[in-house]
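Me: Please walk me through the structure shown here. I will ask short questions as we go.

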Amino acid sequence: MEQLQTKDREIKGLLKTCAYTGAKRGLILTLDESATWEAQGILIEMIPVWKWMLETND
């Protein structure tokens, strides 16, 4: 249950931040989860931090 609450909290915070800044894409870094979806017109990408680090260092 706690993991679901954490995920919901992170998504709500990301959506608020995107609304405030006008961003249309958000990123959530995780230990091992991957997913992509759209909420409130925002593309949300959830990826493991190790994968993000490999992609950003190319």
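**Salt bridges and the sheet**

Reply: A starting point is Glu45, which is partly exposed because its relative accessible area is 21% (buried means under 20%, exposed over 50%, partly exposed in between, with a 1.4 Å probe and protein chains only). This is a predicted model, in which local features need pLDDT of at least 70 and side-chain atom pairs count only at pLDDT 80 or more, while totals for chains, interfaces and linings use all residues. Residues are numbered from 1 along each chain as its sequence is written, and side-chain values use heavy atoms, with hydrogens and water left out.

Me: Which residue forms a salt bridge with Glu45?

Reply: The partner of Glu45 is Arg25, with the closest N and O atoms 2.7 Å apart (a salt bridge is a side-chain nitrogen of Lys or Arg within 4 Å of a carboxyl oxygen of Asp or Glu). Glu45 belongs to strand β3 and Arg25 to strand β1, so the pair ties together parts that are 20 residues apart in sequence. Helices (H or I, at least four residues) and strands (E, at least two) are DSSP runs, numbered from the N terminus. Arg25 counts as exposed, because its relative accessibility is 51%.

Me: How many salt bridges does a search of the whole structure find?

Reply: The search finds 2. Arg9 also forms one, with Glu10, where the closest N and O atoms are 3.2 Å apart. Arg9 has 52% relative accessibility and therefore counts as exposed, whereas Glu10 is partly exposed at 38%.

Me: Back to the strands. In what order do they form the sheet?

Reply: The 3 strands form an open sheet in the order β1-β3-β2, and the pairing is mixed. β1 and β2 stand at the edges with a single partner strand each, so one side of each has no neighbour in the sheet. From one strand to the next, the twist averages 20°.

Me: Which pairs are parallel or antiparallel?

Reply: β1 pairs with β3 (residues 42-48) in the parallel sense over 6 bridges, and β2 (residues 35-39) pairs with β3 in the antiparallel sense over 5 bridges. Two strands pair if DSSP finds at least two bridges between them. On the β1 side, Ile28 has Met46 of β3 as its bridge partner, and Leu29 has Ile47. On the β2 side, Glu38 is bridged to Leu43, and Thr36 stands opposite Glu45.

Me: What does Gln40 do in the hairpin of β2 and β3?

Reply: Gln40 takes a positive phi near 55° in that hairpin, which has 2 residues between the strands.

Me: How many residues of β3 are buried?

Reply: In β3, 5 of the 7 residues are buried, and the strand is mostly covered. β1 has two faces: Gly26, Ile28 and Thr30 make up the covered one, while Arg25, Leu27 and Leu29 make up the uncovered one.

Me: Now Ile11. Is that residue buried or exposed?

Reply: Ile11 is buried, because its relative accessible area is 15%. Ile11 is found in helix α1 (residues 2-21). Leaving aside residues up to four places away in sequence, Ile11 touches Ile28, Trp37 and Ile44 (contact means heavy atoms within 4.5 Å). Ile11 and Leu27 are 16 residues apart in sequence, with a C-alpha to C-alpha separation of 9.5 Å in space.

Me: Leu27 was on the uncovered face of β1. Which residues form the nonpolar patch with Leu27?

Reply: The patch on the surface joins Leu27 with Leu29, Val49, Trp50, Trp52, Met53 and Leu54, with about 640 Å² of accessible area together. The elements giving two or more residues to the patch are β1 (25-30) and α2 (49-56), and the largest share, 5 residues, comes from α2. Patches are made of residues with over 30% relative accessible area and no salt bridge: like charges are joined within 9 Å, nonpolar side chains (Val, Leu, Ile, Met, Phe, Trp, Tyr) within 5 Å. Accessible areas come from the Shrake-Rupley method with a 1.4 Å probe, and for residues only the protein chains shown count as cover.

Me: And where does Trp52 lie?

Reply: Trp52 lies in helix α2. Trp52 counts as partly exposed because its relative accessibility is 32%.

Note on methods. Axes are lines fitted to C-alpha atoms, for helices over the stretch in contact, and angles run from 0 to 180 degrees between N-to-C directions.
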